[in-house]
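Reader: I have the sequence and the model on my screen. Please take me through the packing, the sheets and the odd backbone spots.

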Amino acid sequence: MSAKAISEYTGKELLYRHLKRLDFVDKPIAVKIDDHDDFDKAISGATWFNEGRKGVIKPDQLIKRRGKHGLVKWGDLKTIREWYLSNKGKAVQVGKTTGRLHNFIVEPFVEHNETDEMYMAILSRRDHDIIMFYEKGGIDVGDIDIKARKLLVPVELGESSMELPETELQRLVEPVAEEKRSLVGTFIRELYNVYKDNFFTYLEINPLVMNNGKVYILDLAAKLDETALFLCSEKWKTRTGEAVEFPAPFGRDLTAEEQYIADLDAKTGASLKLTILNRHGRIWTMVAGGGASVVFADTVCDLGGAAELANYGEYSGDPSETQTYEYAKTILGVMTEGPPRPDGKVLIIGGSIANFTNVAMTFKGIVRAFETFQERLHEHRVTIYVRRGGPNYQEGLRKMKESGTKLNLPVYVYGPETHMTSIVAAALGVRPLPDSPHAPQTTGQFLLQPERNTAGTVPSAPVSNAATSPRRKQPRIAGKGDGNGTCASGTLADVCDSLFESDTKAVIWGQQIKAVQGMLDFDFVCGREQPSVVASTYPFTGDHKQKFYFGHKEILIPAYKSMKSAFTSHPDASVMVSFASLRSVYETVLEALEHPQIRVIAIIAEGVPENLTRKLIKAASERGVTLIGPATVGGIKPGCFKIGNTGGMMDNILSSKLYRPGSVAYVSRSGGMSNELNNIIAQNTDGVFEGIAIGGDRYPGSTYTDHILRYEHDDRVKMMVLLGEVGGVEEYKIVNALKEKKITKPLIAWCIGTCADYITSEVQFGHAGASADAKAETAAAKNEALREAGAYVPTSFDDLGTQIAAVYKDLLEKGVIEPKEERPPPAVPMDYAWARELGLIRKPASFMTSICDERGEELLYAGVPITRVLEQGLGVGGVLGLLWFQKRLPDYANKFIEICLMLTADHGPAVSGAHNTIVCARAGKDLISSLVSGLLTIGDRFGGALDGAARQFSEALDKGWSPMQFVNEQRRIGKHIMGIGHRVKSINNPDKRVEILKNFALDRTKFGQETPLLNFALQVEKITTAKKPNLILNVDGAIGVIFVDILRHSGMFTASEAQETIEIGALNGLFVLGRSLGFIGHYLDQRRLKQGLYRHPWDDITYVMPEGEFGIDRLNG
C-alpha cells in the first residue's frame, strides 16, 4: 500500500518543520508517551506545564473521531497523569475494531471559542487535488462533504502550474471573518505547497483554530506516499531529526511473526506479506501473488469460513528457496502452536499461474518447512491442499506430492487444469475434491500434458511463418496534443482502438534478456513474420547488438545508449516497454513521450510515487498515448503481441491457446490473475482476444473503462470480462456505461476483495489500490451495482468460469461466435539455461581445477575454508606496511592487510584473469608469461574497483552528503556506485568475505579505531539493497572504504599522505598482490594435471556472416 497513515505527532512535526517561516503558525513541542514510559520522566519535556498552562492528552494510534469516543482529555498536569494511568494498556472498541491504548500524545491546551474552529482537508485524486475548507469545525461539524467549499487543482507537469489561483483561494475562505481571512488564505497556500513537496496523499485538520492572530493545528490525520521515500528521505524528518515511521492500524499491532516477515520483506526484491487474523483459526493460507491472495481469502469467506480464517498474506516476485522456507516456517510455527483441535486444521497452498516465478524453487522452500514441522503437522492433524501453475510447476507439484508420501501427510495436489479456488471448497468440506487430481510428471517431460494441449504442435519452420491474427488497417500516429484519441480516419471501426496488431513493433528500455526472448518466442509461435522487438535502450551501456533467437534462427537486435537513437533508427516502433526502476521510470517515460511515433508505453516497475504517476498520466493523455501500468506485468494480444513476461512460459501460452486470437477480451489489475484469466477463458471459451493488466497502483495509467470501451468498439471482440477490486470507484464508471448503453456486448464482471466485509481490523489487500475508504468502494457493493446494471456477476470467484462458459454457450447458439478450426502452432526450441534448470541436459566442463572453489557459502583454497587460512597469521601485513608505506602500522592494520590478501588470492577459474593464466599455461608458456597474461586483465571491469570505491565514498562523505543524496546523485549523473553489487550474492545470501571484513572492522576489541566511511557505506547498502537485493557492498568496496578509514584515522598518516596513497593506486595494489598468488597456483595446477592445448569449441561460437551484396549468395550468383 503506497498511501500509509502517519501518527498525529509525526504529521504535526512535518508541518511545523516545513512551515517554520510562517511565524503566525503556533508550533508547540508535543510529548509522545507509550504505555511503558515513566510518565513524570517522559513529560519533563513539556515545559509549558511549568508555566501554568493546561495540556491535552489523547491516544495517537490512527483512531478516528477520538473526541466522540471520549478519548481526549484536557486539564492540568495532575489530571493528565491520572487519565494516562487509568487508560494506558486499556482495551477499547472503535467501530468493529478492538485495540489496546499504548501510544499517546500530550500537547498544550489552546484556549478558544467554538467560533474560532474551522475545518480543512487536502485529498489527492487521479487527475486533481481537492482542497476542502469549512468556516466551522470540531467534532460536531456534520456532513463535511456537503458543507465544505472545494477548490480543485488539476495535475500539471510543472509544480508552478499547480499553484492556487488567488481568486479561487479567496472564494474558498470568503466566509471567514475579514480580520482572519488573509492569514487563513496564506496558511492554506503554504500548507498545500508542503503537501505537494512531501508527497502527502491525504491531510485533514479538524479543528483548525485561529485567534489572536495565531493559527493552531489541533487535531490532524495524514497519509504519505510511502513509495516516495527515496525522494523525501531528508524531508521526512521531525524537527529533532527523527525519521518518519508508519504505525500499524489501530487494533493491528504487529505480532512477532508479522514483524519478522516485514523485516524479511524489507531485505528482498520479492514481496512477503503476513497478517495473522485469528491465531486459533482452523483455515490457514499460503498464497502466491497479490491478486490471488485476495481471491483465496474471498472464497474462504464466501463459502462460510470467515470465522476460521487464520491469516492473510502473500509471497510473490520470485522469492528464493530460503526466503520461501522462512515464510512457510513462520506460518507453520503459528499454525501448530497450542493444543491440537479435534477437527484438525487445513493449509491451503494456492496461487494463480505464475508469469516468471520458478514454482519448483519456491516449493522446495515449503517442502523444507514441512520437514522441519513434520511432527507438529501430524500432531495438529493438518491436511494440505495445493493448486499452482507457472514455470516448472510440474516439478514443483511432484515435489509436493512426494513430500506428502515421504512425511506421511495428507497432501492433495492440483495444477492449472483445475479451477484456481476449487481446492478451497474441498478444504472447507463444502464440496468433494475436484475430479481430476494432477498426476505430477518428472522434469524430463517438459512437453504439455496431452489433455491440456488440445492443439498439439508441429515441427518448427524456421524460414517463414503464417500469421494467426492478420493485420487489419494502418494505425494512427499519436501526435502532441492529440488527446482525444480519435483515428486518422475518424471511424470507430478503424484499428485506432487497437493497441497491438500482428506487425506492432516495440523498443525495450532496460536489460531484460529473458523477457525479450519470451516476447520473440511468442512472436514465432503466433506466426509473425518479423520479431516484435526491434531494439532496446539502456543509458549505462554503449551502442551494441545483442543475440536472440527467433525460432531456430539466431538474430541480432541493436541496443542503444540513447533512447532518441533507438526511436530515430526505428520509426515504425510504436510501443515502449519500460523495465526502468522506480527511481528512473518517471524521466524515462517523459523522454519517450517526446517521440510522436509512440502509441503505448508499458511501465512494469512497482513503487512509483503516485504524484509522478499522475503527471505521467497527464502527459500521456495530452499526447494521445496509452499507458499500461505502473506495477503491471503488461498485457497480451494472442496472435499479435505480448508485453514482457505476460502469459508466462511457453507451455502456458500453448495450453491457454494464446498463440491465436479468440473472442473474449478482459481487463484486470493483477498480473498473476490476468494469467489465471487466460487459463479460465481458454477452458471455457474459444480463447482470449486481448487481455490487459492495468496494474495494482491506486492510479493506473489506463483504466478499466478505457479498455472495456476499446473492446466494445472492436467487432472482433464478442464478450468481455472485468476483474475488479475492492477500493476506488472506477468500476462505477463501467456501471454508468452499462446503464447508458455505451456497453452493449456481454460483460462478465467480478470484483475481488469481498473478504474485507468479514474482517474487522484494517488489512491491506493485494495491491496498493485495494483499500476501501467508503461502503461504495467495497467489493460487495460494486458487484451488486454491476449486477443491477446488467453485467453477468457470479456468486463468487469460484463460479467465474461457469458464468463465462454459460455466456459463451449462449453466444454460440445465437451464432454471434463462430468457432474456427484449430491450427497447431510451430514448436519453439527450449533455451539451454531452462533445459538445464529442468535437468534435461548435461554438458562437459571446459576446465578442471583442484585449488579453488567459490561456489559455496565460504571460499575454499585447495579445500581449506578461508576462515582456517586466516587463522594461520602469516605476518605479511607488517612486511607490506614497511615496503609500501615506510611505516610500522598498528597490529590491527597489519591483520587487515593479511585478511585482504587472503580474501583476494583467488575466486575460481572462470574469471578473466585466471582464465588467461590457464590458457597460457596449457599452451606451454612459462610461469611469468602466464601470470602476466592474467594480470593484464585487471582494470575497471575486473578487480580495479578498490580505488574507485574509495574515491567515490570518501568524496561523498567529505561533501557532507547523506547516503540517500549520494545514491540519488550517482543516479542523476548516470554512474554506477563502485564497490556496490554482486552477480550471485545478495542481502539474503551474503558474501562470506564481506561479512568477515565487516565483522573484523566493526569489532573495537580487534580493530582499534573508528570507521566512519565504512559506516557510511553500510547506510548506502541499505538503500541500494532496498531496490535490488544483490546491490550489496561487495568485497572491493569493503576493502576500499576500510582502508581509507585506516589511512585517515589510524594516526599514522597526515591528510596529504592519506590522499596521495588513494590517488596513486595503492589500494588496487592490494588486489594485484593478492590475486597473483592465485594466478601462480592455477599455472602450477595445470602443469601438474598435464592439461593439453586448449581450443574453444566451435559450437559455443556464433558465426554471423555478411548478407546481401557481399554474402555467399551474391558470390555464388
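Author: Start with a cut-off for helix angles. Angles under 35 degrees count as roughly parallel, over 145 as roughly antiparallel, 65 to 115 as roughly perpendicular and the rest as oblique. Keep in mind that this is a predicted model.

Reader: What is the mean pLDDT of the chain?

Author: Confidence here is given as pLDDT. Of the residues in the chain, 89% reach 70 or more. The mean for the chain is 87.

Reader: Where does pLDDT stay under 50?

Author: Two stretches fall there. Residues 473–496 stay under 50, with 46 contacts beyond four places in sequence in the model. Where pLDDT is low, the predicted coordinates should not be read in detail. The other stretch under 50, with 65 such contacts, is residues 437–464.

Reader: How are α28 and α37 oriented to each other?

Author: Helix α28 covers residues 891–904 and helix α37 covers residues 1066–1088. Their axes come within 7 Å and cross at roughly 55°. That angle falls outside the parallel, antiparallel and perpendicular ranges, so α28 and α37 are oblique.

Reader: Which residues of α37 meet α28, and what is the hand of the crossing?

Author: On the α28 side, I897, L901 and T904 make the contact. They meet L1070, F1071, L1073, G1074 and R1075 in α37. By class, this contact has five nonpolar, two polar and one charged residues. The crossing of α28 past α37 is right-handed.

Reader: How does α28 run against α35?

Author: Helix α35 spans residues 1035–1049. Its axis and that of α28 come within 11 Å and cross at roughly 160°. An angle over 145 counts as antiparallel, so α28 is roughly antiparallel to α35.

Reader: What is the make-up by class of the contact of α28 with α35?

Author: The α28 residues are A893, F896, I897, C900 and T904, and they meet I1039, I1042, F1043 and I1046 in α35. The crossing is left-handed. The contact divides into eight nonpolar, one polar and no charged residues.

Reader: At what angle do α28 and α33 pack, and which residues of α33 make the contact?

Author: Helix α33 covers residues 992–1002, and its axis lies 11 Å from that of α28. The angle is about 180°, so these two helices are roughly antiparallel. From α28 come Y892, K895, F896, I899 and L903; from α33 come R993, I996, L997 and F1000.

Reader: What is the strand order of the open sheet of seven strands, and which are its edge strands?

Author: Pairing in this sheet is mixed, and the order is β22-β23-β21-β20-β24-β25-β26. An edge strand pairs on one side only. The edges are β22 (544–550) and β26 (626–628).

Reader: How many bridges join β22 to β23, and which residue stands opposite K545?

Author: Strand β23 covers residues 553–560 and runs antiparallel to β22. Seven bridges join the two. Helix α15 (residues 513–525) packs on this sheet, touching β20, β21, β22 and β23. Opposite K545 stands P558.

Reader: What is the order of the open sheet of four strands?

Author: Its pairing is antiparallel. The edge strands are β2 (31–34) and β4 (73–75). The twist averages 20° from one strand to the next. The order is β2-β7-β3-β4.

Reader: Which residue of β7 stands opposite V31?

Author: Four bridges join β2 to β7 (residues 103–108), and these strands run antiparallel. Helix α1 (residues 8–18) lies across β2, β3 and β7. The residue opposite V31 is V106.

Reader: Which peptide bonds are cis?

Author: Most peptide bonds are trans. One cis bond runs from N206 to P207, with omega near 5°, and P207 lies in strand β11. P630 sits in the loop between β26 and β27. The bond leading to this proline, from G629 to P630, is cis too.

Reader: What is the phi of K741?

Author: Most residues other than glycine have a negative phi. K741 is in the loop between α22 and β32. Its phi is positive, near 65°.

Terms used: Residues numbered from 1 in each chain as written. Predicted model: local features only at pLDDT ≥ 70, side-chain atom pairs only at ≥ 80, totals over all residues. Heavy atoms only, no water. pLDDT = per-residue confidence, 0-100. Contact = heavy atoms within 4.5 Å. Axes fitted to C-alpha atoms, helices over the stretch in contact; angles between N-to-C directions. Left-handed = near helix turned anticlockwise from the far one by under 90°. Nonpolar A, V, L, I, M, F, W, Y, C, P; charged D, E, K, R; others polar. Pairing = 2+ DSSP bridges.
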